[in-house]
Amino acid sequence: MPTKGLFLLGITLWGFYPVKTDRNTTMHRIFYILIAVLALQACGPRDGDKPKTALDSLSLVIKEDSNNAGAYHERAKLFLNLKKYPEAFKDMTRALDIDTTKAAFFLTYADLCMLMKKSGNAESSLLKCIQLDPKNTEALLKLGELYLYVKDYQQALNYSNEALKVDEHLARGYFTKGMAYLDMGDTGRAVNNFLTTVEQDPDYLVAYENLGIIAAKKGDPLAEQYFKNALKINAQDVNVRYLLGEFYQTNGRFDEAMAQYATITQIMPNNRSAHYNIGYINFVYKEDYAEAIKHFNEAINADANYFEAYYMRGVCNEKLKNMDAAAADYKMALQKMPNYDKAVEGLKRIGR
């Protein structure tokens with residue numbers, strides 16, 4: 001009998017029983033209730049039959065309809081997010097075998113090709129996407145970024161401009177133009193486009209970073225604010241924090257520089273450059289050689305091949321009259337970097 005019928009039978013038989021309190025009647029009623037409950041459970045889908053994930057669901061759809069291009073596309077996107085690129089590639093190839101009229105398919109295929117370092121396939125796929133959907137800003141932006149990647153700057157500018165014709169508020173388009181102009185040596189236009197980038201998207205950290213780098217090279221005090229704006233977006237960005245530290249250090253603001261480097265070592269204890277710079281400031285500007293040695297030690301612990309740190313530790317030991325230790329450090333620097341002039345001069349200086 002079907003499970004639904006069992007459920008109804010159990011309820012019906014239970015309802016027909018007169019209300020009595022003797023033990024046999026109670027046991028019979030329990031029996032029929034159990035039939036009803038078990039039947040109810042049987043009515044629902046079994047756990048083994050239910051898809052457990054979106055991936056399982058799509059695989060089930062594909063199993064039932066092997067020509068469902070949309071399902072292959074959606075499963076490919078899931079594989080792509082899981083970084084299972086061969087599986088995603090197989091699904092996208094199948095989706096495009098079935099249907100070549102969907103711009104979205106070519107866009108996903110292009111993303112996958114870029115991740116698999118197949119820039120030629122990515123280019124042709126994006127061009128096909130634009131052929132199907134000429135105002136697809138995502139495809140236009142990605143073509144601009146692709147051409148920037150392969151250093152075809154004019155094409156990068158062309159496709160970024162095409163995207164901006166469709167939507168003038170696209171921060172990514174201005175950023176790509178800024179990077180193209182920067183690589184071409186036109187810092188004026190680069191700055192203008194980076195400024196427009198952050199006008200359109202105040203959280204565009206990399207645009208602030210580039211503005212800071214350009215300003216710092218010119219000695220422009222605006223660099224500090226640009227780097228600080230970037231750190232407001234992500235206080236854990238050690239690269240930006242290091243750039244700010246370098247800006248302070250270059251401009252003689254040593255305590256502020258060391259504060260930035262110290263914060264970096266809290267975020268990333270094995271950041272060799274931050275430790276080295278703290279050691280360098282202690283050596284050169286504070287003449288605290290013992291403290292400098294501590295930080296050069298940390299730099300060496302972070303990178304055993306850091307020959308400059310061995311050399312600087314040697315110079316500190318030389319200043320402290322620890323000549324054997326200085327000689328050992330200069331020799332270690334030479335072991336890591338043969339013919340390193342400064343270490344050679346160090347050994348001559350101490351007569352070793």
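**Exercise 1. A surface patch**

Task: M114 sits in helix α6, residues 103-115. In this predicted model, which residues form a nonpolar patch on the surface with M114?

Solution.
Step 1. Check the exposure of M114. Its relative accessible area is 31%, so M114 is partly exposed.
Step 2. Apply the patch cut-off. Patch residues need over 30% relative accessible area. M114, at 31%, therefore meets that limit.
Step 3. Name the partners. Y149 and V150 join M114 in the patch. Together the three have about 290 Å² of accessible area.

**Exercise 2. The largest pocket**

Task: Describe the lining of the largest pocket by residue, by element and by class.

Solution.
Step 1. Start with the volume. The largest pocket holds about 160 Å³ of space.
Step 2. List the lining. It consists of I213, A216, K217, G219, F227, L243, E246, F247, T250 and N251.
Step 3. Assign elements. Helices α12 (205-217) and α14 (238-250) are the elements that each give two or more residues to this lining. The largest share, four residues, comes from α14.
Step 4. Sort by class. Five lining residues are nonpolar, three are polar and two are charged.

**Exercise 3. Salt bridges across the chain**

Task: How many salt bridges does the model have? Work through E145 with R172, R253 with E256, and R313 with D329.

Solution.
Step 1. Take the count and the rule. The total is 19 salt bridges. A pair counts when a side-chain nitrogen of Lys or Arg lies within 4 Å of a carboxyl oxygen of Asp or Glu. In general, side chains of opposite charge can pair when their charged atoms come close.
Step 2. Test E145 and R172. Their closest N and O atoms are 2.9 Å apart, and the two form a salt bridge. E145 lies in helix α8 (residues 137-149) and R172 in helix α10 (residues 171-183), so the bridge ties together parts 27 residues apart in sequence.
Step 3. Add exposure for this pair. E145 is partly exposed, at 28% relative accessible area. R172 is also partly exposed, at 24%.
Step 4. Test R253 and E256. Their side chains meet in a salt bridge, with 2.8 Å from N to O. R253 is partly exposed at 26%, and E256 is partly exposed at 33%.
Step 5. Test R313 and D329. The closest N and O atoms of this salt bridge are 2.7 Å apart. R313 is in helix α18 (residues 307-319) and D329 in helix α19 (residues 323-336). The pair links distant parts of the chain, 16 residues apart. D329 has a relative accessible area of 4%, so D329 is buried.
Step 6. Look for shared partners. Salt bridges join D111, E138, K142, E145 and R172 into one network.

**Exercise 4. Positive phi outside glycine**

Task: K117 and E287 both have positive phi. Where does each residue lie, and is each buried or exposed?

Solution.
Step 1. Take K117. Phi is about 60°, although K117 is not a glycine. K117 belongs to the loop between α6 and α7 (119-132). Its relative accessible area is 73%, so K117 is exposed.
Step 2. Take E287. Phi is near 55°, again positive in a residue other than glycine. E287 belongs to the loop between α16 (272-284) and α17 (289-302). At 55% relative accessible area, E287 is exposed.

**Exercise 5. Separation in sequence and in space**

Task: For P86 with M116 and K228 with L244, set sequence separation beside the C-alpha distance. Add the helix and exposure of P86 and of K228.

Solution.
Step 1. Place P86. P86 is in helix α5, residues 85-98. P86 is exposed, with a relative accessible area of 58%.
Step 2. Pair P86 with M116. The two are 30 residues apart along the chain, and their C-alpha atoms are separated by 9.0 Å.
Step 3. Place K228. K228 is in helix α13, residues 222-233. K228 is partly exposed, at 34% relative accessible area.
Step 4. Pair K228 with L244. They are 16 residues apart in sequence and 7.8 Å apart in space, C-alpha to C-alpha.

Technical notes
Residues numbered from 1 in each chain as written. Predicted model: local features only at pLDDT ≥ 70, side-chain atom pairs only at ≥ 80, totals over all residues. Heavy atoms only, no water. Patch = residues over 30% accessible without salt bridge, like charges linked within 9 Å, V, L, I, M, F, W, Y side chains within 5 Å. Areas by Shrake-Rupley, 256 points an atom, 1.4 Å probe, with all protein chains shown as cover. Buried < 20%, exposed > 50% of the residue type's maximum accessible area, 1.4 Å probe, protein only. 1 Å grid on protein atoms, 1.4 Å probe; cavity = no way out; pocket = protein on both sides within 12 Å on 5 of 7 lines; lining within 4 Å. Points joined across faces, edges and corners; volume = space filled by probe spheres on them. Nonpolar A, V, L, I, M, F, W, Y, C, P; charged D, E, K, R; others polar.
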